[in-house]
Amino acid sequence: MEFSDHKAIYLQIAEYVCEHILLKEWKDEDRIPSVRELAVTLEVNPNTVMRTYELLQSKNIINNKRGIGFFVAEDSISKVKEYRKTTFIEDELPNVFRNLYLLNIDFKELQSSYQVFIEQNFRS
Amino acid sequence: MITIENLNFGYSKRPMLFRDMNMQLNCGHIYGLFGENGAGKSTLLKNIVGLVYAQSGTLNVMGFDPKKRQPALLQDICFIPEEFELPSVYIDNYLKSTAPFYPKFDYQRFKLLISEFNIPSDQRLNEISYGQKKKFIIAFGLSTQARLVIMDEPTNGLDIPSKTQFRKIMASALTEDRCIIISTHQVRDLDNLIDTVIMLNENSIALNASVEEITQKLCFKRVKELDETVIYSEPSISGYQAIFSNSNEQESKLDIELLFNALLNESGKLKQIFN
């Protein structure tokens, strides 16, 4: 996995896990990779993955069944969306707003490009 | 796992390298050891494994004094130096002569690592390439199941696929009862594997802090303009690459190279923050 320089690794791993849940590759109550397995896959320190799993546990996105492993929580997709919405608004939106302001982009213009984007990418 | 107290060390007829050095290392971590050329990284590692003796101070490694070189300690240490020589023997003979010194030696793991690293078994160990030799001693060292693993510049000489394999192997090698110390200048090869940063500067340990602690106290980011909270900055393509005190609790990614340069240039400011 390519990591970006702009965000803490454990948060990037959280996004990776959330992405798998949103894409339904990991479904509710599925077992997810162990800390060690994911650390090996991503070539990162297992303690970093542990930190990610603790964060996702605190958001009720995954849970830990002692002695068995980590599992996707019930109703995970809505919880992931809630979590991702918060991080998007806090972390990414300010940058988008900054560019909208600097480049004088109108919200109407934005709305039509948004529609086109949805049509092209998520039409099914 | 390792406690160093008031360590004073210098090679004979040379100025002291370490003065009153104190450090505590625990198991369950991968420590990254950084320092300028000549700062004493390799020397510190040699002190820990009992290859050189300090003038004064105490060293406690898993309950032992390494300078006594007791077998009970040595069988629990895997030390991979930067420079090494391998004898003119085949792998099988090397195993027969050397593996018995390590009671926990895992032959299956060794076989697996040798095949993952593509090390040829039909050539003598002194005849294979430098990178292959390096991979061989890494495979052997990790198969000893030693609790203390020390590696000096382990990725030097490894080709691109081997570096990826090395990172995967290290990620799986860290267990709760193991302590891994890696000294390197190839920060990019290893920065996501390291969870605690040790920096040597001015004859002592200038920093020994977890990535979590560092990023709680400091914020690493690219900015257009600097403000008064900046601790250290370097000009970059679109402004500055800078370290700030992290007053807004931002979650940034540690930049080890930038932190290292900050330590060399602004050691006073960093000392205040970390003490």
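Select Tyr83(A) to begin, and you will find this residue in helix H4 of chain A, which covers residues 76–102; keep in mind throughout the tour that the model you are looking at is predicted. Is Tyr83(A) exposed, or only partly exposed? A residue counts as buried with 20 or more other C-beta atoms within 10 Å of its own and as exposed with 12 or fewer, so Tyr83(A), which has 18 C-beta neighbours inside 10 Å, counts as partly exposed. Now show the residues around Tyr83(A): leaving aside residues up to four places away in sequence, Tyr83(A) touches Cys18(A), Lys59(A) and Ile61(A). If you also select Leu22(A), which is 61 residues from Tyr83(A) along the chain, you will see that the C-alpha atoms of the two are separated by 12 Å.

Next, select Lys24(A), which is found in the loop between H1 and H2 of chain A. The phi angle of Lys24(A) is near 60°, which is a positive value in a residue other than glycine. Lys24(A) counts as exposed because it has 11 C-beta neighbours inside 10 Å.

Now widen the selection to residues 7–75 of chain A, which UniProt lists, in an unreviewed entry, as "domain: HTH gntR-type". The span is 51% helix and 12% strand, and the C-alpha atoms at its two ends lie 27 Å apart.

From here, turn to the place where the two chains meet. The contact takes 16 residues from chain A and 15 residues from chain B. On the side of chain A that touches chain B, the elements that give two or more residues are helix H1 (9–22), helix H2 (35–42) and helix H3 (46–58) of chain A. The residues on this side of chain A divide into eight nonpolar, four polar and four charged.

Moving on to chain B, colour the two parts given by the domain assignment, which are domain 1 (2–201) and domain 2 (210–274). Their C-alpha centres lie 30 Å apart, and eight residues of domain 1 of chain B are in contact with nine residues of domain 2 of chain B. Which strand gives the most to the side of domain 1 of chain B that touches domain 2 of chain B? Select strand E8 of chain B, residues 196–201, which gives four residues to that side and contributes the most. By class, that side of domain 1 has four nonpolar, two polar and two charged residues.

Within domain 2 of chain B, select strand E12 (residues 239–245), which is joined by six bridges to strand E10 (residues 218–223) and runs antiparallel to it. Across this pairing, Phe220(B) has Ile243(B) in E12(B) as its bridge partner. Strand E11 (residues 230–236) of chain B is also antiparallel to E12(B), with six bridges joining them, and here Val230(B) stands opposite Phe244(B). E11(B) and E12(B) form a hairpin with two residues between them.

Finally, look for the largest nonpolar core, which has 93 residues, and in which Ile150(B), Ile180(B), Val197(B), Met199(B) and Ile243(B) touch the most other members. H1(A) gives the most to this core, with seven residues. Select Ile150(B) as a last stop: not counting residues up to four places away in sequence, Ile150(B) touches Leu45(B), Ile48(B), Val49(B), Cys78(B), Phe79(B), Ile80(B) and Ile181(B).

How values were computed: Residues numbered from 1 in each chain as written. Chains lettered and ligands numbered in written order. Predicted model: local features only at pLDDT ≥ 70, side-chain atom pairs only at ≥ 80, totals over all residues. Contact = placed C-beta atoms within 7 Å. Nonpolar A, V, L, I, M, F, W, Y, C, P; charged D, E, K, R; others polar. UniProt positions renumbered as here; feature names shortened; annotations may be inferred. Core = buried A, V, L, I, M, F, W, Y, C linked by C-beta atoms within 7 Å. Domains from an automatic or database assignment. Pairing = 2+ DSSP bridges.
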